[in-house]
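Trainee: Please take me closely through one part of this structure, the sheet at the start of your notes, and then set the rest of the chain beside it. I would like each term to come with its cut-offs.

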Amino acid sequence: MRIGVNKLCQASFLLPLLTTIATVCALLSSSLLADTMANKQGLNNSQQSLAAAKIPPASIKQMLGQKLMLDLRYYCPSVKPQAKGSCKTAMTTLPAELAQLIRDYDIGGIILFAENLADVEQIVRLNRDLQQAAAESKLKQPLFIAIDQEGGRVARLPRALATSFSGNMAIGATYPQQGTYFASEVGKVFAAELLPLGINVNFAPTVDVNVNPDNPVINVRAFSESPQQVAELGAAMTEAMQQQGMIAALKHFPGHGDTSVDSHFGLPLVKHDAKQIRKVDLYPYKHIFQQHSPGMVMTAHIQFPALDNSTFVAKNGEEMIKPATLSRKILHDVLRQELAYQGVIVTDALDMAGISQFFSQSEAVIQTFAAGADIALMPVKLQQPAELTALGTLLDELSQAVSKNIIPQAELTASYQRIIRLKQQYPLLPKANSISEQVQQALKALGSPEHRATELALAQAAISQVKPATANPKLLNKKQNILIIMPDQAKAAALKASLHHYSRTALKIETLSLLQQDISRAAEKIAVADVVISGFISPMQSLAEIGGMDDMANIGNVSAAYQRQKSRFEALLPQITEAKKTHVYISLRAPYDISEYGHTAEWVLATYAYNTAEDPTNMAGGNASYQALAQVLLGQINAVGQLPVTVKPSSL
């Protein structure tokens with residue numbers, strides 16, 4: 001009976017009668033519905049109140065405003081217009097003109113980036129100001145305030161401040177021994193640290209099944225290449241976050257795990273047939289939907305011709321297959337009907353080249369809403385006063401699309417109601433009444449000793465020994481002259497500091513950064529070393545890891561630096577071999593590079609993470625993967641993780 005009432009209250013075909021149904025559901029909340037929704041969403045009864053779950057009436061523009069999630073990463077208040085995209089002034093306090101936009105247009109959500117997040121008090125004040133602006137709007141609906149805090153390389157909060165963990169593939173490496181334990185623990189910590197700051201949506205977990213070693217954007221962000229493991233780990237993390245009141249967003253639907261193109265730069269094409277898509281890409285979603293109700297699902301800017309081979313004409317006149325973000329067959333027929341997902345669909349960032357290269361700003365939003373998306377993420381740039389009118393223009397064009405039935409009004413209303421229901425089901429506003437109280441709550445939670453202990457435990461459990469197949473390296477017990485070769489000085493400093501910290505004997509450690517100006521002494525350093533420990537990261541960082549499309553101007557510098565690191569590293573490897581030095585190779589990111597470099601070393605380890613905090617020598621915050629690595633190298637703990645992806649055979 002309980003399930004029946006819950007489905008009745010959420011049934012899409014009853015949406016026109018939702019106000020009446022909401023009233024009935026409210027009457028049942030104390031004895032039935034609140035308990036049902038708490039179990040369904042993983043919330044405690046004390047964290048929600050559906051007794052007042054009446055959908056407020058709204059105009060067309062107000063409903064459309066709720067469907068927009070804005071990026072306020074940068075803002076340059078100068079009245080002198082600047083070139084588009086040139087503003088790099090981080091928005092850490094809310095300007096009056098941006099607050100006015102939120103109020104005037106009843107905006108539904110904001111996404112925050114690292115540039116918005118400096119320290120606890122600043123973050124709390126910014127988020128309270130954002131919510132105050134929303135409270136002063138006519139609808140008075142609280143904002144979704146979202147972040148990409150996946151763990152590993154995609155972590156927006158400062159690592160010295162918040163617990164960031166080693167990432168999804170590290171969790172996948174612990175699965176054979178630990179099952180879903182670390183997925184749950186990481187989800188709990190994310191919720192415990194984000195909610196006191198006023199952040200209520202986490203664009204995580206990533207449930208892409210990484211079956212392509214050349215995937216430039218997912219790779220180590222995936223739990224595994226096994227759909228079943230991805231499903232179980234994704235479900236555990238989703239449940240853990242939502243039990244505490246943090247809205248989870250599964251991504252990237254219908255799957256970004258087998259692409260060789262980064263959708264930040266272009267439009268990837270997945271050639272899987274329908275059977276494989278359902279067996280691999282869609283499997284985690286189906287599994288999780290059967291157990292939980294994720295608050296959100298994020299779309300992928302990827303073509304899936306086996307699901308939808310219909311075409312569109314791009315703004316350059318080229319005819320192309322529709323990407324999932326703009327495909328009604330994928331968002332409505334597959335996600336809504338086949339998989340029976342009733343939550344909120346949010347797009348991936350619409351400024352990514354996978355969309356913006358082919359559509360105008362307004363056309364992209366119109367088409368994704370017509371396809372069935374509920375929220376358009378980052379639909380318009382608002383980085384300087386001259387650009388602010390673009391938001392009103394966008395809403396005018398969206399309203400015209402509704403009047404022309406391009407976006408059917410009934411579907412707009414249904415989408416608005418889904419958004420409001422989700423806002424009513426979760427505690428979007430912090431419990432603290434004052435800024436000082438909220439700051440104290442956040443300070444107590446962020447990077448707490450308990451959370452840091454879990455961060456280190458994950459890093460320790462994840463490290464995988466790939467070579468040799470048995471025994472553990474205790475290379476440094478009697479070997480005192482050590483050379484560390486790392487992609488940059490921060491990583492070298494982090495491992496050096498960790499080795500000194502954990503070693504029970506004195507060690508002489510030299511370091512070599514692959515980015516330093518002069519490596520002419522490399523041969524000399526190799527010659528006097530007892531052990532050479534080298535590490536590399538592969539592939540190059542993606543824009544998702546760096547931040548987003550606003551970093552496009554710097555991607556050339558990142559690429560040049562990466563190529564310099566790679567060429568230098570590959571030049572040094574033969575020197576280590578020729579000098580007959582004991583060599584330990586550390587795959588610091590996606591372990592696929594072991595096929596390329598593993599044959600050069602006697603010992604090969606994988607950490608799946610290369611994160612360093614602002615202070616790489618800090619043993620209490622943000623350098624856990626190096627601490628765990630040092631303990632393994634010193635023989636103090638065993639490397640017990642197992643590769644969650646297939647590494648092609650080499651001369652290991």
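Mentor: What follows starts with the sheet and then moves on to other parts of the chain.

This is a predicted model, in which local features need pLDDT of at least 70 and side-chain atom pairs count only at pLDDT 80 or more, while totals for chains, interfaces and linings use all residues. Residues are numbered from 1 along each chain as its sequence is written, and side-chain values use heavy atoms, with hydrogens and water left out.

The sheet is open and parallel, and its 8 strands run in the order S11-S8-S7-S6-S3-S2-S1-S12. Here strands (E, at least two residues) and helices (H or I, at least four) are DSSP runs numbered from the N terminus, and two strands pair if DSSP finds at least two bridges between them. The edges are taken by strand S11 (344–346) and strand S12 (376–377), and since each has a single partner strand, one side of each is left without a neighbour in the sheet. At the S11 edge, the partner is S8 (residues 296–299), joined to S11 in the parallel sense over 3 bridges, and Val297 stands opposite Ile345 in S11. Helix H10 (residues 283–291) packs on this sheet, where it touches strand S7 (247–253) and S8, and its direction makes about 155° with that of S7; such angles run from 0 to 180 degrees between N-to-C directions, with axes taken as lines fitted to C-alpha atoms, for helices over the stretch in contact.

Two residues of H10's range also appear around Pro227, a residue of helix H8 (residues 227–243). Leaving aside neighbours within four places in sequence, Pro227 is in contact (heavy atoms within 4.5 Å) with Val209, Lys279, Val280, Tyr283 and Pro284. The C-alpha atoms of Pro227 and Asp281 are separated by 7.3 Å, although the two residues are 54 residues apart along the chain. With a relative accessible area of 19%, Pro227 is buried, a class that means under 20%, whereas exposed means over 50% and partly exposed lies in between (1.4 Å probe, protein chains only).

Strand S1 (68–71) of the same sheet leads us to the disulfide, since the loop between S1 and helix H4 (96–105) holds both Cys76 and Cys87, 11 residues apart. The structure holds 1 disulfide, counted as a pair of cysteine sulfur atoms within 2.5 Å, and this one joins Cys76 to Cys87 with an S to S distance of 2.1 Å. The link is right-handed, with 100° about the S-S bond, and both Cys76 and Cys87 are buried.

Away from the sheet, helix H6 (residues 168–178) and helix H7 (residues 181–194) pack at about 130°, with their axes 8 Å apart. They are therefore oblique to each other, which is the class left over when angles under 35 degrees count as roughly parallel, over 145 as roughly antiparallel and 65 to 115 as roughly perpendicular. The contact is made by Ile171, Thr174 and Gln178 of H6 with Tyr181, Phe182, Ala183 and Val186 of H7.

A second open sheet has 6 strands in the order S13-S18-S17-S16-S14-S15, with mixed pairing. Its edges are strand S13 (464–467) and strand S15 (508–513), each with a single partner strand, so one side of each is left without a neighbour. The twist averages 20° from one strand to the next. S13 pairs with strand S18 (residues 603–606) in the antiparallel sense over 3 bridges, and Gln465 stands opposite Leu605 in S18.

One loop residue completes the tour: Phe358, between helix H12 (353–356) and helix H13 (361–371), is buried with a relative accessible area of 6%. Outside its neighbours within four places in sequence, Phe358 is in contact with Leu267, Phe312, Ala314, Lys315, Met320 and Ala353.

For the chain as a whole, the secondary structure comes to 23 helices and 18 strands, and buried residues make up 62% of the 652 residues.
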